[in-house]
Amino acid sequence: MYYIDLAVTGVSVGCMYAMMAVGLTLVYGLLRILHVAHAAVFALGAYVTVVVANATGSVGAGFLAAIFITPLFGMAIYRMLYEPLLSYRPDVPMIASVGLLVLMQDAFRIVFGEQGVTFRNNTYGFTTFDVFGVTVNAVQIAIVVSAVVIFLGLHLFTTRTRIGVGWRATVSQPKIAASFGIDSIKVRYLNFAIGSALAAVAGGLVALLNNLVDPVIGYVVSYKALAIIVLGGLGSVRGTLIASLVLGLVESYGTIFIGRWLDRDAIAFLALIALLMIRPQGFVGTRTA
Amino acid sequence: MLGIKKVSAITMDNDYGQATMDGFLEAAPKYGIEVINKYSYSLKDRQFGSIVASVKRDNPDGIYATGYFFTGGPLVSQLRAAGIKAPIIGSQAFDSEKFIEIAGPAAEGTYIVDSFDRNRKDEALQHFFTEFQKRAGYAPEGVAAVTYSAVKLMADGIKRAGSTDPVKVRDALAATKNFTMLEGNLNGFNSLHEIIMPISVNAIKDGKFQAAAQITDLDAFAPPEK
């Protein structure tokens, strides 16, 4: 049972990482920008969820609000922060992105207080199911279900709809896509909107699970997501999915077996270093050089 | 008191968490307590899935954890969510109203060592409580009371030194005997200027901090002399 308990933890954490990291990898694929401020989008999603849920008494309303508000924020980041800097070297928008993350963390601290916000009525976070001796939290189930639904939806969207196909075309061959009449600017907005909404869902679910949203909520996932998208081969959604699940599981088991010598948060980076030495193109990337 | 023999120990990986845990690990054998397993987590952790699964396997009589309310809250709720019923004993920095808010119903029954007895019939304490609540808008936590007492002690040291000369104030502070703090009586300081005083233990009952015990056996948590 012990190993299954660890697997449940690993898979649910991995699905959370995936929802967070996919927005990051999409932005990288499209614009070659390391969108560090994605962690602020994740945190905003968590705050909106908890604040609206407490105001209306409905956790569902909290999630809906987060899914509507964070895409606007994500698109604003593109329009106001990245677009004016696109002609510069890629590290320029990245530094601006780090700056925005720091600014947002302090803004959250000032607006919502440094002690953090909890749900007034969080039944989900305290509901658990006992399945043959394995304990599963309701929110863990929600995380896995959301991830599966979202990624299936995303798959159908990018393979079965015109907009989705145009999106994929723009990511892989921006110039050819443009010559076919695909509006690459619209694709960018779509990209930020979808990536941000996914981060918001992940943020809201983590908020429920911890029953706490504090200004640093996005911090740990932000740098892990960076490791994940590199592991997954920058710009690859499938690679990001695999890397997220692998990291979730490795961390879950690793905390126990190597946790004596190594901090859990260091595992992601150790794996990153090892992989970059063996397979610098990531899990699914193809070697270009 | 709780009849605990086998303990799982969970440490927060910073100076406070480790130093507190070191003290516990050193004292545990003297009281016939066996530490079955030790785990550690970082200050930024809010997800304790692997530790929780391992504690569940340990099946201890009790769990001792160091941390702050913002790590302790999620930790305690996740331990309880996994169906672990053993008593949880937390370190001082669990002592915050926010801890109860985060852990919700899971906070019930958690013991907090080196907390302070909020209901003690003491005019200064009750005055501090009402004023803090009035001005800050929320109830003071352990750290607020300790800080308040520390400033009072500093003022007392300056008064006894009869000057603000740092050397004289330091000597006056080191020579402190039986100073009344909000938490109780401060006996004095040892050769390393570590504090010597009885400590209180709180338990959370009906979503409130309630005094559970007073530990007067000073050897049990004697600070290091060197």
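Trainee: Ala, Val, Leu, Ile, Met, Phe, Trp, Tyr, Cys and Pro count as nonpolar, Asp, Glu, Lys and Arg as charged, and the others, Gly among them, as polar. How do the residues lining the second largest pocket divide?

Mentor: Into nine nonpolar, seven polar and three charged. A pocket is an open set of points on a 1 Å grid over the protein atoms alone, where a 1.4 Å probe fits and protein lies on both sides within 12 Å along at least five of seven lines; lining residues have an atom within 4 Å of a point.

Trainee: What kind of model is this?

Mentor: This is a predicted model, where local features need pLDDT of at least 70, side-chain atom pairs need 80 or more, and totals for chains, interfaces and linings use all residues. Residues are numbered from 1 along each chain, chains are lettered from A and ligands numbered from 1 in written order, and side-chain values use heavy atoms, without hydrogens or water.

Trainee: Which residues lie nearest the centre of that pocket?

Mentor: A:R168, A:G235, A:S236, A:V237 and A:R238, out of 19 lining residues.

Trainee: And which element gives the most to the lining?

Mentor: α5(A), with five residues. Helices are DSSP runs of H or I, at least four residues, numbered from the N terminus.

Trainee: Switching to the two chains, how many residues does each bring to the contact?

Mentor: Chain A brings 32 and chain B 30, with contact meaning heavy atoms within 4.5 Å.

Trainee: How many salt bridges are there between chain A and chain B?

Mentor: Two, each a side-chain nitrogen of Lys or Arg within 4 Å of a carboxyl oxygen of Asp or Glu. One pairs B:R46 with A:D214, the closest N and O atoms being 3.0 Å apart.

Technical notes
Helix = DSSP H or I, 4+ residues; strand = E, 2+ residues; numbered from the N terminus.
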